Amino acid sequence: VQLQASGGGLVQAGDSLRLSCAHSGRPLSSSIMAWFRQAPGKERRFVALIRWSRSSTNYADSVKGRFTISKDNAKNTVYLQMNSLKAEDTAVYYCARGSRWSSIEYEYDYWGQGTQVTVSS
């Protein structure tokens with residue numbers, strides 16, 4: 001299994017950005033796909049998740065109402081649409097695949113390489 005995250009960049013506060021996570025082959029229908037992020041000097045933290053077989057989602061409180069996780073089953077790709085970006089959203093964003101509905105990092109077995117998002121204020 002390989003996960004390839006992309007779409008990061010340097011934006012200004014208030015801007016939008018969309019991250020993509022391409023999964024090699026089709027994820028298992030039971031898969032949970034998630035985004036985590038790690039800011040400089042901080043631990044990696046949960047951002048959002050989606051169940052591959054359905055569209056049920058869950059978000060960290062810090063991004064609710066601003067970020068949207070979605071998927072394209074035909075492309076085996078998960079997206080993270082980030083709107084109204086803030087300086088505190090600056091981090092390396094990682095996509096991950098697990099099998100449990102969880103916001104805990106160690107529940108995820110496969111990880112992408114990360115993509116840098118920098119928001120200037």
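1. A residue is called buried when its relative accessible area is under 20%, exposed when over 50%, and partly exposed in between, with a 1.4 Å probe and protein chains only. By this rule Arg66, at 11% relative accessibility, counts as buried. The same scale applies to the whole protein chain, where 43% of the 121 residues count as buried.

2. The basis of the note is as follows. The model is predicted, so that local features need pLDDT of at least 70 and side-chain atom pairs count only at pLDDT 80 or more, while totals for chains, interfaces and linings use all residues. Residues are numbered from 1 along each chain as its sequence is written, and side-chain values use heavy atoms, with hydrogens and water left out.

3. Overall form. The protein chain has zero helices and 11 strands; helices (H or I, at least four residues) and strands (E, at least two) are DSSP runs, numbered from the N terminus. Read from the N terminus on, the elements run β-β-β-β-β-β-β-β-β-β-β. The C-alpha trace spans about 40 × 25 × 25 Å along its principal axes. The radius of gyration is 13 Å, which agrees with the value near 14 Å for a compact globule with 121 residues. That radius is taken over C-alpha atoms, and the globule rule is 2.2 Å times the number of residues to the power 0.38.

4. Contacts along the chain. Contact means heavy atoms within 4.5 Å. Among the contacts in the protein chain with a separation of 6 or more, 55% are accounted for by residues 24 or more positions apart.

5. The four-stranded sheet. Four strands form an open sheet in the order β1-β3-β8-β7, with antiparallel pairing; two strands pair if DSSP finds at least two bridges between them. The edges are held by β1 (3-6) and β7 (67-72), each with a single partner strand, so one side of each is left without a neighbour in the sheet. Neighbouring strands of this sheet are turned by 15° against each other on average, direction ignored. For such angles, axes are lines fitted to C-alpha atoms, for helices over the stretch in contact, and angles run from 0 to 180 degrees between N-to-C directions.

6. Pairings of β8. Strand β3 (residues 17-23) is joined to strand β8 (residues 77-82) by six bridges, and the two run antiparallel. Within this part of the sheet, Ser20 stands opposite Tyr79 in β8. Strands β7 and β8 also run antiparallel and are joined by six bridges, with Lys71 opposite Val78 in β8. A hairpin is formed by β7 and β8 with four residues between them, and Asn76 in the turn has a positive phi of about 50°.

7. Salt bridges. Side chains of opposite charge can pair when their charged atoms come close. A salt bridge is here a side-chain nitrogen of Lys or Arg within 4 Å of a carboxyl oxygen of Asp or Glu, and the count comes to five. One of them joins Arg37 and Asp89, with the closest N and O atoms 2.9 Å apart. Arg37 lies in strand β4 (residues 32-38) and Asp89 in the loop between β8 and β9 (91-98), so the pair ties together parts that are 52 residues apart in sequence. Both Arg37 and Asp89 are buried.

8. A second partner for Asp89. Asp89 also forms a salt bridge with Arg66, the closest N and O atoms being 2.7 Å apart. Arg66 is in the loop between β6 (57-59) and β7, and Asp89 in the loop between β8 and β9, so this pair ties together parts that are 23 residues apart in sequence. The relative accessible area of Asp89 is 1%. Arg37, Arg66 and Asp89 are thus members of a network of salt bridges.

9. Which residues surround Arg66? Leaving aside its neighbours within four places in sequence, Arg66 is in contact with Gln81, Met82, Asn83, Ser84, Leu85, Lys86 and Asp89. Its side chain reaches the backbone oxygen of Ser84 at 3.0 Å, and a polar contact of 2.7 Å joins the side chains of Arg66 and Asp89. A polar contact is a pair of N or O atoms within 3.5 Å; within protein, one must be able to donate a hydrogen and the other to accept it, and residues adjacent in sequence count only if both atoms are side-chain atoms.

10. The pair Glu105 and Arg44. These residues form a salt bridge in which the closest N and O atoms are 2.7 Å apart. Glu105 in the loop between β9 and β10 (108-111) and Arg44 in strand β5 (residues 44-51) are 61 residues apart, and the pair links distant parts of the chain. Glu105 is partly exposed, at a relative accessible area of 32%, and Arg44 is partly exposed at 22%.
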